[in-house]
Amino acid sequence: MYDANADELALKCDEVIPSPHEHSHVLTKEMINVFDVGTVVVFQPGSGEVLKGVLMANGRGIAVCKSRAHKTWVMKNKRT
């Protein structure tokens, strides 16, 4: 029987992309500028790339995280 996730299971922790379907901060910044957005609300912040784009565009953003640990991880990634 073929396991479709076998190649992903063999990856090391530093090789895994935690939020592969997340938009780039550059796209978020561009959307804020084009549509003149005042506040961005993100219900699935992933690793915080969208929030990074909001900050780069000098906007306001709200992220709804899944847990306290997720919030800590997003805040850490936002600073890098």
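In the predicted model, strand S1 presents two unlike faces, of which the covered one is formed by Val-40 and Val-42, whereas Thr-39 and Val-41 make up the uncovered one. Strand S1 is joined to strand S2 (residues 60-63) by four bridges, and the two strands run parallel. Within this pairing, Val-40 of the covered face stands opposite Gly-61 in S2.

Both residues of the covered face of S1 also belong to the largest nonpolar core, a set of six residues in which Val-40 and Val-42 are accompanied by Ile-32, Val-50, Val-54 and Ala-57. At least two residues of this core are supplied by strand S1 (39-42), and at least two by helix H3 (49-56). In soluble globular proteins, nonpolar side chains tend to be buried together. Among the core residues, Val-54 touches Ile-32 and Val-40, and its contacts beyond four places in sequence further include Thr-28, Gly-59, Arg-60 and Gly-61. Gly-61 is thus both a contact of Val-54 and the residue of S2 that stands opposite Val-40.

These elements form part of a secondary structure that comprises four helices and two strands, arranged from the N terminus in the order α-α-β-α-β-α. Of the 80 residues of the protein, 22% count as buried. Among contacts with a separation of 6 or more, 52% are accounted for by residues 24 or more positions apart. The accessible surface of the protein comes to about 6,500 Å², and carbon and sulfur atoms contribute 58% of that area.

On the surface, a nonpolar patch of about 460 Å² is made by Leu-27, Met-31, Val-34, Phe-35 and Val-37. Val-37, one of these patch residues, lies in the loop between helix H2 (25-35) and S1. Because its relative accessibility is 33%, Val-37 counts as partly exposed, the class that lies between the limits of 20% for buried and 50% for exposed residues.

A contrasting case is offered by His-70, which is placed in helix H4 (residues 68-79). His-70 has a relative accessibility of 14% and therefore counts as buried, since the limit for that class is under 20%. When neighbours within four places in sequence are left aside, the contacts of His-70 are with Pro-45, Gly-46 and Cys-65.

How values were computed
Residues numbered from 1 in each chain as written. Predicted model: local features only at pLDDT ≥ 70, side-chain atom pairs only at ≥ 80, totals over all residues. Heavy atoms only, no water. Core = buried A, V, L, I, M, F, W, Y, C linked by side-chain atoms within 4.5 Å. Buried < 20%, exposed > 50% of the residue type's maximum accessible area, 1.4 Å probe, protein only. Contact = heavy atoms within 4.5 Å. Patch = residues over 30% accessible without salt bridge, like charges linked within 9 Å, V, L, I, M, F, W, Y side chains within 5 Å. Areas by Shrake-Rupley, 256 points an atom, 1.4 Å probe, with all protein chains shown as cover. Salt bridge = Lys/Arg side-chain N within 4 Å of Asp/Glu carboxyl O. Pairing = 2+ DSSP bridges.
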